[in-house]
Amino acid sequence: MAIEFNERVARIPVYPAASAYALPEDVALLASNEAPDPPLPAVQEAVAKVLGGLNRYPDPTNALLRRALSDRTEVPPHRIAIGNGSCDILLAAGDALLEPGAELVYAWPSFSVYPHLEAASGARGIRVPLNDRQEHDLDAMAAEITAATRLVIVCNPNNPTSTAIPLADIARFLEKVPRHVCVLLDEAYCEYNTLEDPDSSIDLLKKHDNLVLLRTFSKIYGLCGLRVGYALCGGDEFPTAVNQVRQPFFCNQAAQAAAIEALKHQDAVAERVERAVIARVELESGLAELGITPADSQANFAWFDLPDGYEEKAIVDGLAARGVLVRAGSALGREGALRVTYGTPQQNDRFLHELGVLLGA
Ligand SMILES: *Cc1c(COP(=O)(O)O)cnc(C)c1O
């Protein structure tokens, strides 16, 4: 006899892990939108300091971290939720908001974790295709909202397409969304967006108590190995609800300490953004030499269709064989595309060189 699982388990997609974990050291890891730089020395020291206290549970209220985030954002601490990565908050939002008969609206292709929410809850997921610039089509998304809609997710900048939509468009969209619908603006990459002050979306919280800004320490802060993310909320109910549906100690001590320290180094954040923008320009011009025009990236990665006549799998496997790991578009909603994280200048050069070899350039 095999173990009999509930029917949700058959529905929930298995997250496709990047095949990077038992590889030699000189592999260029450009598949998971990670920061190429190690955590700052001060952040590593903050983690080292808590190690001697690991016989104690972490603070379940995340008080110091929420205070630090509140000081930076002016969002009151009781409107800030913390998570074991921002995905933890995302999944908890699905758990707290969705159920059979409810509806969830999101763009597609977008973040590969969103389909999990409908599968886990039995809600109906409505995927709204991106427009031909590979951006969210907010009018089409608004048109899908019904009395059954509980959650709308907007990913800005969007993963995997790297594109951003103007905040003014999002503000107009929010005016149209009924107040019973939670709008979750996933801003995992907002710091890399040079078209907009990353913190300007925070003003929208004052006007929309149904708005949640989902952010993370995984990308620009380079702490994805520790798992810590947060949500800035327009109202009080969201943090309470996502805390109700989760285990009490969802953010570990080391993660809390690292995040608090990392927030003190905004100069390093600015430097990382600068380096990402340099990488963006270099990759765009290198790809242009190969006849490839990537989507207009406002994130830390490039997204592009391969030239006609080239198989995605052959290119992804060929790059891997040459020590460069990237993500295949078919795993992300668009066959024939590649998503390539900006690495160090050397890694970016290596990627461009190897892609050129594979394309016969
Ligand atoms: C990377 C990413 C996240 C962050 O996930 P964590 O759980 O915080 O590591 C969230 N949303 C999107 C769209 C992402 O690409």
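**Ligand site and backbone features of the predicted model**

The ligand sits in the largest pocket of the protein, in what is a predicted model. The shell around the ligand is made up of 13 residues, of which Tyr 189, Thr 216, Ser 218, Lys 219 and Arg 227 come nearest. By residue class, this shell divides into five nonpolar, five polar and three charged residues.

Oxygen atoms of the ligand take part in pairings with both backbone and side-chain atoms of the protein, as the following distances show. An N or O atom in the side chain of Tyr 189, which is also among the residues that come nearest to the ligand, lies 2.6 Å from an oxygen atom of the ligand. In the case of Asn 159, an N or O atom of the side chain is found 2.7 Å from a ligand oxygen atom, whereas at Cys 87 a backbone N or O atom is placed 2.9 Å from an oxygen atom of the ligand. Taken on its own, the ligand has 390 Å² of accessible area, and the protein covers 93% of this area.

With regard to the overall fold, the protein chain has 13 helices and 12 strands. Its radius of gyration is 20 Å, close to the 21 Å that the globule rule gives for 361 residues, and the chain is therefore as compact as a globular protein of that length. Along the principal axes, the C-alpha atoms of the protein chain fill a box of roughly 55 × 55 × 50 Å.

Several features of the backbone geometry are located in loops. Asn 159, whose side chain has an N or O atom 2.7 Å from a ligand oxygen atom, is joined to Pro 160 by a cis peptide bond with an omega of about 20°; Pro 160 itself belongs to the loop between strand S5 (149-155) and helix H7 (167-176). A cis peptide bond is likewise present from Trp 108 to Pro 109, where omega is near 0°, and Pro 109 is situated in the loop that runs between strand S3 (103-108) and helix H5 (114-121). Asn 33, although it is not a glycine, has a positive phi of about 55°, and this residue is placed in the loop between strand S1 (28-29) and helix H2 (41-50).

Terms used
Residues numbered from 1 in each chain as written. Predicted model: local features only at pLDDT ≥ 70, side-chain atom pairs only at ≥ 80, totals over all residues. Heavy atoms only, no water. Near = heavy atom within 4 Å. Polar contact = N/O pair within 3.5 Å; in protein donor to acceptor, adjacent residues only side chain to side chain. Areas by Shrake-Rupley, 256 points an atom, 1.4 Å probe, with all protein chains shown as cover. 1 Å grid on protein atoms, 1.4 Å probe; cavity = no way out; pocket = protein on both sides within 12 Å on 5 of 7 lines; lining within 4 Å. Sits in = over half its atoms within 2 Å of the grid points. Nonpolar A, V, L, I, M, F, W, Y, C, P; charged D, E, K, R; others polar. Helix = DSSP H or I, 4+ residues; strand = E, 2+ residues; numbered from the N terminus. Rg over C-alpha atoms; globule rule 2.2 N^0.38 Å.
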